[in-house]
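Me: I'm new to this one, and I'd like to go through it with you piece by piece. Could you put it up so we can both look at it?

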Amino acid sequence: MKAQDENREVLPTGERYHHGIALYESVYRESLENPNGFWSKAASILDWDRKWDKILDDTNAPFYRWFLNGKLNVCYNAVDRHAKSGNRNKAAYIWVGEGGEEKIITFEGLYRRVNNLSNALINLGIEKGDKILIYLPMILEAPVAMLAAARIGAVFSFVFAGFGASAISERINDAKAKIVITADGGYRNGKILDLKRTIDEALVSTSSVQNVIVVRRSGHQVEMEDGRDIWYHDLVRDGSKYVAPVELESNDPLFILYTSGTTGKPKGVVHGNGGYAVWVANTMKWAFNPNDTDRWWCAADIGWITGHSYIVFAPLILGLTSIMYEGSITYPSPDRLWDIAEKYGVNILYTSPTAIRTLMRYGEKYVKMHDLSTIRVLGTVGEPINPPAWRWYHENIGSSKAPIIDTYWQTETGGFVISPSLGLGLPPLKPGSATFPMPGIDPVILDEEGNEARIGEKGLIAYRRPWPGMLLTLHNDPERFVKTYFDRFKGKYYCGDYAVKDSDGYYWLLGRADEVLKVAGHRLGTIEIEDALLSSREVAEAAVFGKPDEVKGEVIVAFIVVKNEFRGISDIASGLRKQIKSELGPIYVPEEIHIAETLPKTRSGKIMRRVIKAVFLDEVPGDVSTLESSASVDEIRAAIESFRKQAQ
Ligand code: PRX
C-alpha cells in the first residue's frame, strides 16, 4: 500500500469549486436513511407516463426491480420533450469527423431522424422486445439507432466497432438479433475500417438476422446482399413520420451490453429503462454539475458503457449539448483533442487515463498550441489514474483550476458509483482517489473471508444495497447473474475490484482482483483470448495475462505451447496475431506471444497463469505447492529468454 500512502495529499482545486462536503453528506445520508423519499424526488428528473407502485421491489432479490409498474419511454425523455420545448433549436450533438467535417444536429433534428428510423424499423417488422445489433462507428446514426430502438421498445445490443467477426456473431446468436445496423466503413487514423465486410463474415455463422441496414459513411465499394441488405438513406428517404413512443415498464430491458468476465463467453449485461435512466441522469448532475449552456465532451467510444450512458442517455435526458468526435485522438496530430476543445469551446472534458497518458507523452507543446480557457471541469473513467497523469491533466488541460472528477464504475453499475460530486459541493481532491460514493451507494471493503477490512487495508469492494442503475440480469442466464455477482459475498453485489478506504473515508480503486484485463481502459477477458488462440490449428495450450504498461495500464502477454506437428515452424506468432485481430478485434492482439515447451499446471491439469505471470515479471511465484512439476517454471524462463533474444 506504499504507493497509495504517498499519494494521500490533498490538492486545492480552486476556491470556486470547493464548497466542502456538508451538502454531499446530508444528501448522501438522506439517500440511505429515506430511500423512498429520496428516489421519488430523484425520479422526477424524468417524465413518467404512469407513476410507479413501488420504488424498490426486492421480493425476488437479487433481481431488484426499481420503480415497479412505472411506465415511461426513455427516447421520449431524451428527445421529444426537448424537441417540443425551448430547447428545440439547441444543438444536441456537435459532431466532428476525423477528416475535420462538422455536423450539428438540434434536438428537433434528432427527433426527426429518430422518428424516421423508428418508422423504418417498424416497417421491417420490428416489435417491442425484438433485438437489434448495432455495429457503428462514432457517427450520428449511432445515437439515432439506439434512440429509435428505445422508442419502439426494441432492445439494442451495441458492439464496439473495433470488435471482429466472431465477437459479433457470438453476440448476434446470444441475443437472436433480427436486424443489424452498420455502416460501409468508419475512419480511424485516416484509414477505413471495413465494417460491412466484417458483418458479412459474422453473418455466415448466424441465422436470426433478417435485414442489415447500412449507413453510407466511407463510400467505398461494399457487397449488398439482395433482399437482406438495405441502405439506411433509402429506408428513411420518404421523410418525417411520427412514431408514438411505446410505453414501457420501468424494468423492461433497454439494452444488452456484452462485457468480459473471468469464465466462458462474454456476459450480456441487461439494463432497464426507468432505474437506469434515473441513475445516469442524476449521477451526471451530481458528479459534473453541468450548466444548460455547457458543451460536454465525453471522448469515449459510444460502443462501451461510458458512451451509452454519458454520450447518449444522460446528456440527452438533461438536454445538454455534446461534442462527438469520430476518430483517433492523435490524428492527424497529437493536438487533436486540444484543437477540438478550443475550436468548440468545450466546458467539460471526460476521457480515459490512457488517453491522458498517451497525450502527456507527446508533451506540453501540443497543449500550448491551443487556448483551453473554456474548460471548467475535467473527468476520467475506466481505470485508475496515476497521480502524475492526474497532475498533468489538472495543470495543463485544466489550467490548475479545473477539478478532476475521477468516476469509478462498471458496465454493470450503469453509471458512476464512486466519484467526486461537484454538484453537491466538491470534496478536496486527492489525485488517484475517486473520493466518495454517489448517493444511494453503500460500499464496503471486505477481506477474502468476507470480513470488513480495516481502514487502510486493501480488500475487495462490494455493495450492501442495490441502486437504480444496476444491471437487471444477464441475458439468457439469470443463474450466471446470481453466481457472478452475489455468490462470493452473500447478499452483496461484488464485481472484481480491489480497493482501500483511507482514514479520511476516501476510496482508492486499485484495479481488478480477477483475471479480467484492462488494456487502454478496455475490459478484456483472458479466457476469450486463450479460446481464440486454442481455436487455431497450431496451439495446444495457452495462457494469457496482463503486463503492467505505463501508458495503457496493461498490455496482453500470451504463452503458448505449439502442437507437435507445428513445432519449429517460424512465424506462428504473426499468424496468430492476424487470426485474433479478425476474430476478436485489434484490441485483443497480444503484444507478446511466447512459445514454451510446457506450461506450469496443477496436478489436476489447470494452467497456473499466476505462476507464469510471476516468473515473467520476476516476482516470487507464491504458493507453488500444487504445481505438477517445477521444471515447467524453468521452461517459462527459457521461453522468455528466447523471446527477448529474438526481439533484440
Ligand atoms: O476495474 C475497474 C475499472 O474498470 C472496470 C469496469 O470496466 P468496464 O465495465 O469496461 O467499464 C468501464 C467504464 C465505466 C472496473 O471494474 N475502472 C473503471 N473506472 C475506474 C476504474 N478503476 C479505477 N478508477 C476508475 N475511475
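What follows is a conversation about the ligand site, a few single residues, one helix and the domains.

Me: Before we start, what kind of model is this?

Reply: It is a predicted model.

Me: OK, the ligand then. How many residues surround it, and which are the closest?

Reply: The ligand is surrounded by 17 residues, and the closest are Asp406, Thr411, Asp497, Arg512 and Arg523. By class, that shell has 6 nonpolar, 5 polar and 6 charged residues.

Me: Which helices or strands each supply at least two residues of that shell?

Reply: Those are α11 (305-317), β20 (404-407) and β25 (507-512).

Me: And what polar atoms does the ligand have by it?

Reply: An N or O atom in the side chain of Arg523 is 2.7 Å from an oxygen atom of the ligand, and for the side chain of Gln410 the distance to an oxygen atom of the ligand is 3.0 Å. A nitrogen atom of the ligand lies 3.1 Å from a backbone N or O atom of Gly382. Of the 530 Å² of accessible area that the ligand has on its own, the protein covers 97%.

Me: Let's move to Trp409. Where is it, and is it buried or exposed?

Reply: Trp409 is found in the loop between β20 and β21 (443-446), and it counts as buried because its relative accessibility is 10%, where the limit for buried is under 20%.

Me: What does Trp409 touch further along the chain?

Reply: Leaving aside neighbours within four places in sequence, Trp409 is in contact with ten residues if you count through the list, among them Ile305, Thr306, Ser309 and Tyr310, as well as Tyr350, Val381 and Phe416. The side chains of Trp409 and Tyr350 are also joined by a polar contact of 3.2 Å.

Me: Same for Glu383: where does it sit, and what does its side chain pair with?

Reply: Glu383 lies in the loop between β19 (377-381) and α15 (387-397), and its side chain makes a polar contact of 2.9 Å with the side chain of Arg357. Glu383 is buried, with a relative accessible area of 9%. Not counting residues up to four places away in sequence, Glu383 touches Ser352, Pro353, Thr354, Arg357, Ala520, Gly521, Lys552 and Gly553.

Me: Switching to helices, why is α4 described as largely enclosed?

Reply: Helix α4 (residues 74-83) has 9 of its 10 residues buried, so it is largely enclosed by the rest of the structure. The buried residues of α4 pack against β3 (71-72), α5 (107-123), α6 (141-152), α10 (274-288) and α11.

Me: What happens at the start of α4?

Reply: There, a side-chain oxygen of Asn73 reaches to within 2.9 Å of the backbone nitrogen of Cys75.

Me: And Ser31, which helix is that in, and what does its side chain reach?

Reply: Ser31 is in helix α2 (residues 22-33), and its side chain reaches the backbone oxygen of Tyr28 at 2.6 Å. Ser31 counts as buried at 1% relative accessibility, and beyond four places in sequence it touches Phe38, Pro439, Gly440 and Arg465.

Me: Last one: what are the domains, and how many residues does each give to the contact?

Reply: The domain assignment gives domain 1 (57-89 + 107-285 + 302-318) and domain 2 (520-647), with 36 Å between their centres, taken over C-alpha atoms. Their contact takes 16 residues from domain 1 and 14 residues from domain 2.

How values were computed. Residues are numbered from 1 along each chain as its sequence is written. This is a predicted model: local features need pLDDT of at least 70, side-chain atom pairs count only at pLDDT 80 or more; totals for chains, interfaces and linings use all residues. Side-chain values use heavy atoms; hydrogens and water are left out. A residue is near a molecule or strand if one of its heavy atoms lies within 4 Å of it. A polar contact is a pair of N or O atoms within 3.5 Å; within protein, one must be able to donate a hydrogen and the other to accept it, and residues adjacent in sequence count only if both atoms are side-chain atoms. Accessible areas come from the Shrake-Rupley method with a 1.4 Å probe; for residues, only the protein chains shown count as cover. Helices (H or I, at least four residues) and strands (E, at least two) are DSSP runs, numbered from the N terminus. Ala, Val, Leu, Ile, Met, Phe, Trp, Tyr, Cys and Pro count as nonpolar, Asp, Glu, Lys and Arg as charged, and the others, Gly among them, as polar. Buried means under 20% relative accessible area, exposed over 50%, partly exposed in between (1.4 Å probe, protein chains only). Contact means heavy atoms within 4.5 Å. Domain bounds come from an automatic or database domain assignment.
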